[in-house]
Amino acid sequence: MNETNEHLLKEYLQNVSVLFANIENWSVKRGLEVNTTTLEINEEEYGTYKIEKLILTDAGHSIAEIIPIGCSIVGSYGRVDLVGLMNREVISYLKKGGPYITQSELIDGVMKEVHKKYFYRDINDTGWYWIESTRLGRAKKFDEALFFDLLASVSDYERA
Amino acid sequence: MSAPDAIGEIWRTYQVTVDCLEVALDDIKLGRIDSLQGTGFMDTPIDVVRRDIRASRETLNDHTILSMWAVFEREMVAMLESETRNMLNESPHYSTFNKALLDKIEAGIEYWRADEMIDLFKPALPIELIGYAKQIKRYRDWVAHRNPKKPSPAKVPPEFAYKVLAEVLKQMNLSC
């Protein structure tokens, strides 16, 4: 693995670790149990590596898993999925602004950058985001309130 | 149907299908037996139904990317063929050799590799867009020929594939 990829993978593992610490903290506050198991991911760019996934249970009843999907994702810097009995939601790590294309024009015989066109809105900081994928392409920062909203939508967990 | 519309049609079908799966899940969750009558969900253990719906959603994601790519490639080939014909029609003094050459190119376009076709648009399209399109192609190939022993290339969320491919076609049309 080259140095750039090594750095990207290290960042991804660190970002997942911070995210998982937050989720664990939020879950424990609500009386949920959090367990972990290790899984292996195999990606062309990064080879095989080990990473933990979270398993959420409520009084012994399984609610959902938070599963790292990979560092190599088109349009983002890594992804974890919130997977419940009923559905799956995608959480992506995005740099401020999110993915974009640089629009250029030929001005006086020279190609000049005119503007950047962003694919998603509302990515005001670097961090974990949930894209309202089937609607307006609007991104929402992944926080405690959103976590429990998504948990309720992928599982039969009822918000208190 | 114009190129962005053809991809848009697949995208809208994807969204409708996802919504239908969500409605089915809600009906099952709330025990709305009347709406489930006559479907394969009746008399099936609820956990099996949930697992099947979730698996269908994942398959749907991959199939949507396969379909969008097929339309994208077809539109790209059509665009290059049309552009080759235009070059011939717009040139008032072409020789028989010029015509033979362009006919040969036109006949061969559909056999070119997709990556090579995309590369032709490098001078006209944002470089990020070219890169994203090629990554989608790699993922599409991996999905189509899935070999469990092969590690996955960069994964592509369907909504991102839609945004990229629709934008590439739009910009290719403008640049021709």
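# A tour of chains A and B

Select W26(A), F142(A), F147(A) and F148(A): together these residues form one aromatic cluster. The model on screen is a predicted one.

**The aromatic cluster**

Within the cluster, zoom in on F142(A) and F147(A), which are both buried. Across all chains the count of aromatic pairs comes to 14. F142(A) and F147(A) make one such pair, edge-to-face, with 6.0 Å from centre to centre and 70° between the planes. Now add R30(A) to the selection. The charged end of R30(A) sits over the ring of F148(A), 3.8 Å from the ring centre.

For another charge over a ring, move to K95(A) and Y77(A). Here the charged end of K95(A) lies over the Y77(A) ring, at 4.1 Å from its centre.

**Chain A as a whole**

Zoom out and colour chain A by secondary structure. Chain A has 2 helices and 9 strands. Followed along the sequence, the order is α-β-β-β-β-β-β-β-β-β-α. Along the principal axes, the C-alpha atoms of chain A fill a box of roughly 70 × 35 × 25 Å. Of the 160 residues in chain A, 50% are buried. Taking contacts in chain A between residues at least 6 apart in sequence, 45% join residues at least 24 apart.

**R79(A) and its surroundings**

Next select R79(A), in strand β4 (residues 79-84) of chain A. Is R79(A) buried or exposed? R79(A) has a relative accessible area of 12%, under the 20% cut-off, so this residue counts as buried. Show the residues that R79(A) touches, leaving out those up to four places away in sequence: Y12(A), P68(A), I69(A), G70(A), I73(A), V90(A), I91(A) and W128(A).

R79(A) also belongs to a network of salt bridges, in which R79(A), D81(A), R88(A) and E58(B) are linked. Select these four residues to follow the network into chain B.

**Across to chain B**

Side chains of opposite charge can pair when their charged atoms come close. In this network, E58(B) and R88(A) meet in a salt bridge, 2.8 Å from N to O. The pair crosses between chains, with E58(B) in helix α3 of chain B and R88(A) in strand β5 (residues 88-94) of chain A. E58(B) is partly exposed, at 31% relative accessibility. Between chain B and chain A the count is 3 salt bridges, and the structure holds 24 over all chains.

Now display the whole contact between the two chains. Chain B contributes 33 residues and chain A contributes 31. The size of an interface is often given as the accessible area lost when the parts come together. Chain B and chain A bury about 3,100 Å² between them, 51% of it on carbon and sulfur atoms. On the chain B side, pick out R50(B), R54(B) and K155(B), which lose the most area to chain A, together 20% of what that side buries.

**Two salt bridges within chain B**

Stay with R50(B) and add D47(B). Their side chains form a salt bridge, 3.6 Å from N to O. How many residues apart are D47(B) and R50(B) in helix α3 of chain B? They are 3 residues apart, which puts about one helical turn between them. An α-helix has 3.6 residues a turn, so residues three or four places apart point the same way. D47(B) is partly exposed, with a relative accessible area of 47%, whereas R50(B) is buried, at 8%.

Then select R113(B) and E116(B), a salt bridge with its closest N and O atoms 3.9 Å apart. R113(B) is exposed, at 51% relative accessibility, and E116(B) is partly exposed, at 40%.

**Helices α6 and α7 of chain B**

Select residues 127-144 of chain B, helix α6, which has 18 residues. From first C-alpha to last, helix α6 reaches 26 Å, close to the 26 Å expected at 1.5 Å a residue. The buried residues of α6(B) include charged E128(B) and K137(B), with Y132(B), Y139(B) and W142(B) also among them. Which elements do the buried residues of α6(B) pack against? They pack against β6 (100-107) of chain A, and against α3 (46-90), α5 (114-120) and α7 (158-175) of chain B.

The last stop is α7(B), which has 18 residues and reaches 26 Å from its first C-alpha to its last, close to the 26 Å expected. Its buried residues include P158(B), F160(B), V164(B), L165(B), L169(B) and M172(B), with E159(B) and E167(B) also among them.

Methods. Residues numbered from 1 in each chain as written. Chains lettered and ligands numbered in written order. Predicted model: local features only at pLDDT ≥ 70, side-chain atom pairs only at ≥ 80, totals over all residues. Heavy atoms only, no water. Helix = DSSP H or I, 4+ residues; strand = E, 2+ residues; numbered from the N terminus. Expected span 1.5 Å × (residues − 1). Buried < 20%, exposed > 50% of the residue type's maximum accessible area, 1.4 Å probe, protein only. Contact = heavy atoms within 4.5 Å. Phe/Tyr/Trp six-rings, centres within 6.5 Å; stacked < 30°, edge-to-face > 60°. Lys NZ or Arg CZ within 6 Å of the ring centre and 35° of its normal. Buried area = accessible area lost by both parts, 1.4 Å probe.
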